[in-house]
Amino acid sequence: MRAAPPSDAIRRPMNRIIAPIFTLLVSTSLLLMGNGLQGTLLPVRGGLEGFSPTSLGVLGSAYFLGFAAGCLRGSQVIARAGHVRAFAAAVAIASAVVLAHAMVVNPLVWWVLRAVTGACFAILYMIIESWLNEKSSNEDRGFVFSLYTIINLTVITLGQLMLMTASAKNFPLFSVASILISLSAVPLALTRASVPAPIQATHFDPRSLYRTSPVGVIGCLAVGLTNGSFWSLSPLFVQSNGGAGDEVAVFMSVTVIGGALGQWPLGRLSDQVDRRRVIQLAAGGAFVAGLTLAWLTGNAPGFVLGGAVIYGVFSFPLYAVSVAHTNDFVAPEGYVEAASGLLLVYAIGAVVGPLLASALILYFGAWSLFLFTATIHAMLVLYVVQRMPKRARPEEEDRIAFSDALIVSSTTSMVDPLPPETIEEGGGRAD
């Protein structure tokens, strides 16, 4: 049975909730704003420098390859150096790497640098999310991570829009990204708050995870394939249609906004019906949006931006719904390991996706990026259709609320920062 929701009487005042994490949120805002700018700036600059679609695809894959490596080994770095020193070291490396991109404009060098960035940000996310989890109570954890998600999406969007302030061909935008990332270490380095407990690494057994939830695993893999391709190659899609840095920034930003708008409606719907039907709905909507974007190539920018919003609404929530579906079949003590495994499945897809999509772009043109995402989403719909008769929807008392699954998928993005008993006490699923 689910634990009863906490009464308002035992909730902490908002200032007492935010105060212990305020400096962390400031650091996170600066860090993710710099990363949002860098993530869009690099493919735009690569396109202006004549990098081939394959080179840009490898650039995106390299980031997620480094990210996966950071997921697997980052907990050891943090255990050895501590949260604050590991954060400062990862920030210093990530900041220096941004400047190195501007100094040496070469695809091979950029691939290596991008992998280093991915590893650094895996460690940084580990530290941020484990810290947030430890500083929040069972009663306010949902609020804390909702606030974190809002900040995350907002500052990434602001970082992308900074692309409109200067030319990607010049040095200033690289320096701004580096400055933002560097400054993110200052609030956390000066905080007097106690640091979280050491992070423990989890065991990843892909066969066991697939047996537990085939749809959840394939859903996360599909999201990795499509979202990895989107982040890596969408700037090339916009540039191929005559768009400059301003148009790229707006296109990426409205897609992120669409993803934010779609998260909760689809999540709440998944609490009320079989989540596999919501996965079908979201994947089907993303399929239609992808085909629309491919068809709209070269047409009115307003229609393209509308298609981008719809694509974000349906494609971005797929990961959290897939995690929630998997957790419906997992015992409380297995939430963390399952969510960590799903993130690695996502990372694998995000490594492979840009490579496949870039090969299509090389032969058919940039419009085929969204033909690729539409194909993957259509395959996911068909897979869910053939799986549904093979397994019944879990009993209501065995289903974890989407809001709880969103917390788990955030806090276990890289590792095991959330003790199983914390989830059970916090209103997830009790034995």
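In this predicted model, the side chain of S253 has a polar atom that lies 2.7 Å from the backbone oxygen of A249. S253 belongs to helix 11, which covers residues 245-272, and its relative accessible area of 3% places it among the buried residues, because buried means under 20%. A further polar contact, of 3.4 Å, is formed between the side chains of S253 and Q160. When residues up to four places away in sequence are not counted, S253 touches T157, Q160 and L161.

A second polar residue with little accessible surface is R276, located in helix 12 (residues 275-295). With a relative accessibility of 4%, R276 falls under the 20% limit and therefore counts as buried. Its side chain is in polar contact with the side chain of D274, at 2.8 Å.

The protein as a whole contains 18 helices and 0 strands, and of its 431 residues 55% are buried. Its accessible surface amounts to about 16,900 Å², and carbon and sulfur atoms account for 66% of that area. Where contacts between residues at least 6 apart in sequence are considered, 87% of them join residues at least 24 apart.

In soluble globular proteins, nonpolar side chains tend to be buried together. In the present model, the largest nonpolar core comprises 110 residues, and L132, F251 and F370 are those with the most contacts inside it. Helix 5 (residues 107-135) supplies the largest share of this core, with 13 residues. The surroundings of F370, leaving aside its neighbours within four places in sequence, consist of F230, S234, F237, F251, G290, L291, L293, A294 and Y311, with each of which F370 is in contact.

Helix 4 (residues 83-103) has 21 residues, which at 1.5 Å a residue should span 30 Å, and the distance of 30 Å between its end C-alpha atoms agrees with this expectation. The buried residues of helix 4 are H83, A86, F87, A90, V91, A94, S95, V97, V98, H101 and A102. Viewed down the helix axis, these buried residues fall within an arc of 160°, so they line one face of helix 4. An α-helix has 3.6 residues a turn, so residues three or four places apart point the same way. On the other side of helix 4, R85 and M103 are exposed. The cover over the buried residues of helix 4 includes helix 2 (22-48), helix 3 (53-81), helix 5, helix 7 (172-183) and helix 8 (185-190).

Helix 2, one of the elements that cover helix 4, is itself mostly covered, given that 20 of its 27 residues are buried. For helix 2, a span of 39 Å is expected from 27 residues at 1.5 Å a residue, and this agrees with the separation of 39 Å between its end C-alpha atoms. Helix 2 is followed by G50, a residue with a positive phi near 85°.

Helix 8, which also contributes to the cover of helix 4, is joined to helix 9 (206-212) by a loop in which A193 is found. The relative accessible area of A193 is 29%, and A193 is therefore partly exposed, since this category lies between 20% and 50%. Although A193 and P20 are 173 residues apart along the chain, their C-alpha atoms are separated by 6.9 Å.

Technical notes
Residues numbered from 1 in each chain as written. Predicted model: local features only at pLDDT ≥ 70, side-chain atom pairs only at ≥ 80, totals over all residues. Heavy atoms only, no water. Core = buried A, V, L, I, M, F, W, Y, C linked by side-chain atoms within 4.5 Å. Buried < 20%, exposed > 50% of the residue type's maximum accessible area, 1.4 Å probe, protein only. Helix = DSSP H or I, 4+ residues; strand = E, 2+ residues; numbered from the N terminus. Contact = heavy atoms within 4.5 Å. Expected span 1.5 Å × (residues − 1). Arc of directions from axis to C-beta. Polar contact = N/O pair within 3.5 Å; in protein donor to acceptor, adjacent residues only side chain to side chain. Areas by Shrake-Rupley, 256 points an atom, 1.4 Å probe, with all protein chains shown as cover.
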